[in-house]
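Please look through the structure shown here. The text after it goes from a sheet to a core and then to a helix.

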Amino acid sequence: MSTINLRELARKGPKLLPGHRHCSGCGVPVAVKLVLAAIDEPVVVVTATGCLQVATTIFPYTSWHVPWIHNAFENASATAAGIEAAFKALKKRGALGGGKIHVVVFGGDGGTYDIGFQSLSGAIERGHDFLYILYDNEAYMNTGIQRSGGTPFGAWTTTSPVGKLIPGKPQHKKPIADIIVAHRAPYVATATPAHWADLIMKVKKALSIEGPKFIHVLTPCPRGWRYDSSLSMEVCRLAVDTCYFPLWEHEKGIWRLTDRSLAIFKDPKLKKPVREFLRVQERFRHLLMPGNEGLIKEFQDYVDSVWSELVKRVQASN
Amino acid sequence: MASYLTRALNGDEAVAFAVKQCNVDVVSAYPITPQTIIVERISEYVANGEVHTEYVNVESEHSALSVCIGASAAGARVFTATSSQGLALMWELLYIASGLRLPIVMAVVNRALSAPINIHCDHGDSIGARDAGWIQFYVENPQEAYDTIIQAFKIAEDHSVLLPVMVNLDGFFVSHTLEPVKVLPDEVVSNYVGFRSNVKVYVPYLGKEVHAVLDGITPISLGIIALSDYYYEFKMKVIKAMESAKEVIKKVNDEFKELSGRSYGDGLITQYGVEDADVVLVAMGSAAGTIRYVARELRRKGLKVGALKLRCFRPFPTDELIKTLRGVKAVGIMDRALTSGGYGGPLFMEFRSLFYDLDEGPEMINYIYGIGGRDLRPSDVVNIYHELLDVAKGREVSKVKYIGVRM
């Protein structure tokens with residue numbers, strides 16, 4: 001895999017144009033621009049209902065400078081499957097040239113962990129040739145911050161409020177990327193827009209592989225996570241530095257840590273306590289209050305166990 | 001007129017055979033009784049390399065129609081089939097298919113909706129989708145199922161229409177009844193329907209006309225958000241397209257007559273004995289054959305009765321129905337679907353509304369029948385005709401009647 005030339009990358013025309021209605025500091029358009037910058041071949045983009053869809057296509061405007069479709073909330077993967085099947089059939093009857101057309105899906109956490117999971121699982125089982133990008137802002141942000149299967153333990157949302165009895169979301173995040181690995185998808189990875197070179201390399205690698213590929217991208221949400229909108233990339237870095245969100249890839253049974261997570265693997269002293277990630281976000285404010293030390297410990301224990309499990313897999317792969 | 005072969009096919013097989021001949025690029029479906037034979041046969045055609053079709057075996061009907069929407073947006077000719085609960089699961093996507101103006105063809109093998117679960121015929125499933133922006137045909141037998149599937153691609157893909165088409169056939173009564181079906185040679189059908197031709201649209205921000213399909217290159221956006229300032233205009237276009245569809249349906253009916261020697265009235269309605277009838281019964285689907293049979297028997301005895309088959313429910317043939325039925329004294333509307341808490345069945349309401357403005361419109365009586373596959377016997381229809389003849393002479397009866405049910 002060649003290295004990425006930032007100057008060349010910057011010269012490419014953007015495929016997500018300015019003027020969209022994403023909130024200031026939103027991690028999503030940054031991630032989308034990086035993903036599309038990694039693609040040089042023809043592409044069709046499918047987007048599930050969510051922030052990305054409504055913020056980019058308010059008629060009569062569109063921000064998409066690539067062929068783009070939105071169908072419904074829970075069916076982005078099936079829509080991609082249909083497009084891929086159409087290309088196969090049209091090629092068979094000579095109505096379309098033989099060149100590669102990538103099909104890339106962007107689905108939020110609601111459209112992926114929850115309502116779109118069946119469609120995603122089915123499309124991966126059938127082996128369609130597409131890349132699924134999960135942009136995970138860890139709640140239903142488009143409808144105003146409701147908890148999803150991707151919301152972390154203890155987080156405040158409007159449907160997992162911090163009450164007298166229940167302190168935020170009682171459950172941990174669904175291990176979505178592991179579940180996709182368990183589908184035997186040929187390529188699965190995690191990424192953040194702050195680790196931009198890592199993200200671009202992963203997209204390029206994914207698109208060089210036939211079959212269903214999945215990249216889980218953490219996209220912080222200043223509105224929902226309650227932090228200053230200038231801090232989105234810093235929040236991404238803290239998520240990785242604390243091993244709350246490790247960067248890895250899985251290909252043909254081999255687990256690899258990448259970028260900063262690889263550095264932490266090599267030098268465990270670099271791993272920061274998860275409190276560092278939590279304390280910059282108001283959605284976790286209550287966890288840091290006196291008397292809630294047990295909740296912080298539970299959070300830290302969970303992060304540690306997931307990280308050590310991942311480290312074991314990486315060691316077993318070598 | 002082309003030569004033909006006669007094959008023994010049930011309704012489902014007749015649908016699958018038509019699909020095989022129609023150069024379909026993508027089929028995606030999920031098994032459900034009594035539709036399953038359709039997808040089994042198509043799977044066999046694909047497995048044997050008899051078609052170039054990509055068959056996507058999805059994990060639900062929701063995904064089946066989602067695949068069809070994606071494939072159709074990419075310029076493919078697509079087909080799917082379902083019944084009852086499967087159609088209910090597709091619900092939100094029905095509106096998306098028509099809103100995106102995708103010419104998808106779907107066979108719906110009509111089956112009652114749960115609960116209680118039931119696998120037999122009524123029209124509650126597709127009638128419930130009345131307002132989803134799909135053209136709806138109801139066919140009477142396997143022959144008409146075969147013919148209508150072929151016509152459906154021509155109608156859906158006509159550039160003045162571009163709407164999805166639902167071809168409804170009665171579960172078991174049509175889907176599983178083996179009948180001789182005259183099929184056209186493959187090349188005749190293939191030449192008639194051709195391949196899907198994609199419409200060109202002018203895109204202001206590109207400053208040119210482009211094919212409105214996802215081709216990997218042309219930056220078009222499909223499935224955008226349109227709020228109170230534009231949504232209504234998008235939906236008005238579906239209303240207009242539905243209006244244009246009437247003429248296209250008639251045209252395709254005529255073309256198909258040239259091709260096969262078969263036609264179905266004007267394409268929208270067919271009639272038997274209506275011209276001099278005092279009373280007429282109206283039905284959709286397999287019951288249209290039953291009422292015509294009984295009408296013929298009664299006419300032999302000198303009774304002035306007629307039978308009208310509503311072949312096309314959406315678009316509703318308003319002018320054609322008024323023209324045909326305005327001089328009739330009493331009309332019986334046969335509804336194979338329920339609407340609880342309303343005044344009669346869905347067809348009845350539509351007919352009554354249509355004839356309201358006539359100074360001397362026919363008396364209208366609603367006969368709700370056949371729910372959950374309950375038989376409609378010829379003797380039931382004989383009684384209905386006699387009652388209508390009494391109504392024509394001035395007898396008062398209740399307007400809404402449930403036939404063949406234990407009260």
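What follows describes a predicted model.

The account begins with the sheet. It is open, has 9 strands with mixed pairing, and runs in the order 8(A)-7(A)-5(A)-6(A)-4(A)-3(A)-1(A)-2(A)-11(B). Strand 8 (254–257) of chain A and strand 11 (221–222) of chain B stand at the edges; each has a single partner strand, so one side of each is left without a neighbour in the sheet.

Within the sheet, strand 4 (residues 130–136) and strand 6 (residues 212–218) of chain A run parallel and are joined by 7 bridges. In this pair, Leu134(A) has His216(A) of strand 6 of chain A opposite. Helix 2 (residues 28–37) of chain A lies across strand 3 (102–108), strand 4 and strand 6 of chain A, and its direction makes about 160° with strand 4 of chain A.

Next comes the core. The largest nonpolar core holds 229 residues, and those touching the most other members are Ile133(A), Ile149(B), Val167(B) and Val280(B). Helix 4 (residues 76–92) of chain A supplies the largest share of this core, 10 residues. In chain B, both domain 1 (5–197 + 245–258) and domain 2 (269–402) give residues to this core, so the core lies between them. Leaving aside residues up to four places away in sequence, Ile133(A) touches Val35(A), Val104(A), Val105(A), Phe106(A), Ile215(A) and Val217(A).

Last is a helix of chain A. In helix 11 (residues 259–266) of chain A, the buried residues are Asp259(A), Arg260(A), Ser261(A), Ile264(A) and Phe265(A). The buried residues of this helix pack against helix 8 (196–207), helix 10 (232–241), strand 7 (248–251), strand 8 and helix 13 (293–317) of chain A.

Key: Residues numbered from 1 in each chain as written. Chains lettered and ligands numbered in written order. Predicted model: local features only at pLDDT ≥ 70, side-chain atom pairs only at ≥ 80, totals over all residues. Pairing = 2+ DSSP bridges. Helix = DSSP H or I, 4+ residues; strand = E, 2+ residues; numbered from the N terminus. Contact = placed C-beta atoms within 7 Å. Axes fitted to C-alpha atoms, helices over the stretch in contact; angles between N-to-C directions. Core = buried A, V, L, I, M, F, W, Y, C linked by C-beta atoms within 7 Å. Buried ≥ 20, exposed ≤ 12 C-beta atoms within 10 Å, placed from the backbone. Domains from an automatic or database assignment.
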